[in-house]
Amino acid sequence: GITNLEDALDAIALGADALGFVFYARSPRRVTPEQAAAIVSRLPPFIAKVGVFVDEKLERVKAIIDNCSLDYAQLHGSESPEFCKALGQRAIKAIRVKDESISEQLSNYKVAAILLDSYNPNMFGGTGRAFNWELAARAARSNCVILSGGLTPQNVAEAINKVNPYAVDVSSGVELSPGKKDHAKLKAFIEAVKQEL
């Protein structure tokens, strides 16, 4: 949920490996492709840049990836396995974990990674709520899992120990307000993550 250059550079200086830019029109963290491109153009090398989309047209996703020099598309809607396949290894499929049925969904997607997030029927991420990490731990045994959903500086170390994910994703857990990061929370979160590596 990066919306400004200051937060982007701050996150990188503190040790973030990837930055996300939300292009979903109904998100309070939304940026335009022009805003994202301006921020990305000022970033140092070796930082993964991720566009976050919800049920967007494939042509638009590809255009934004190219125009903003993004590395990945994180797909939070009802995108099909075929949609994801069209993006190849630039696709990260987000799955909202409701119950045990997650295991059936995972095998359908051939993507760079699976992001597991909390289920909320009215939201496509950014819920600020954790879910049953045991389900995520099972998924992480045979999938490249990015853990999301309700992570904070206080619980991320426990989450990593329980799930053993490839990566963790945070937004609301390190914010002052939607789209504006809290430096102290961001620092504490990244330090907690790095201690577990």
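**Close-up of C144 in the predicted model.** In this predicted model, C144 is partly exposed, with a relative accessibility of 30%. The closest cysteine sulfur to that of C144 belongs to C84 and lies 14 Å away, which is too far for a bond. Because a disulfide requires two cysteine sulfur atoms within 2.5 Å, C144 is not paired with C84 at this separation of 14 Å.

**Close-up of C68.** The count of disulfides in the model comes to 0. C68 accordingly takes part in no disulfide, and the cysteine sulfur nearest to its own, that of C84, is 19 Å away. C68 is buried, at a relative accessible area of 2%.

**Close-up of helix α1 and its packing.** Helix α1 spans residues 5-14, and its buried residues are D7, A8, D10, A11 and I12. These buried residues pack against two strands, β1 (18-22) and β9 (180-181), and two helices, α2 (33-40) and α8 (183-196).

**Close-up of the two ends of helix α1.** At the N-terminal end of α1, N4 acts as a cap, with a side-chain oxygen 3.3 Å from the backbone nitrogen of E6. Just after α1, G15 adopts a positive phi of about 115°.

**Close-up of the second largest pocket.** The second largest pocket holds about 150 Å³ of space. It is lined by 11 residues, of which G77, A94, I95, R96 and Q105 are the closest to the pocket centre. Strand β4 (residues 91-97) supplies the largest share of the lining, with 4 residues. By class, the lining of this pocket comprises 5 nonpolar, 4 polar and 2 charged residues.

Note on methods
Residues are numbered from 1 along each chain as its sequence is written. This is a predicted model: local features need pLDDT of at least 70, side-chain atom pairs count only at pLDDT 80 or more; totals for chains, interfaces and linings use all residues. Side-chain values use heavy atoms; hydrogens and water are left out. On a 1 Å grid over the protein atoms alone, a cavity is a set of points where a 1.4 Å probe fits but cannot get out, and a pocket is an open set with protein on both sides within 12 Å along at least five of seven lines; lining residues have an atom within 4 Å of a point. Grid points are joined across faces, edges and corners, and a volume is the space filled by probe spheres set on the points. Ala, Val, Leu, Ile, Met, Phe, Trp, Tyr, Cys and Pro count as nonpolar, Asp, Glu, Lys and Arg as charged, and the others, Gly among them, as polar. Buried means under 20% relative accessible area, exposed over 50%, partly exposed in between (1.4 Å probe, protein chains only). Contact means heavy atoms within 4.5 Å. A polar contact is a pair of N or O atoms within 3.5 Å; within protein, one must be able to donate a hydrogen and the other to accept it, and residues adjacent in sequence count only if both atoms are side-chain atoms.
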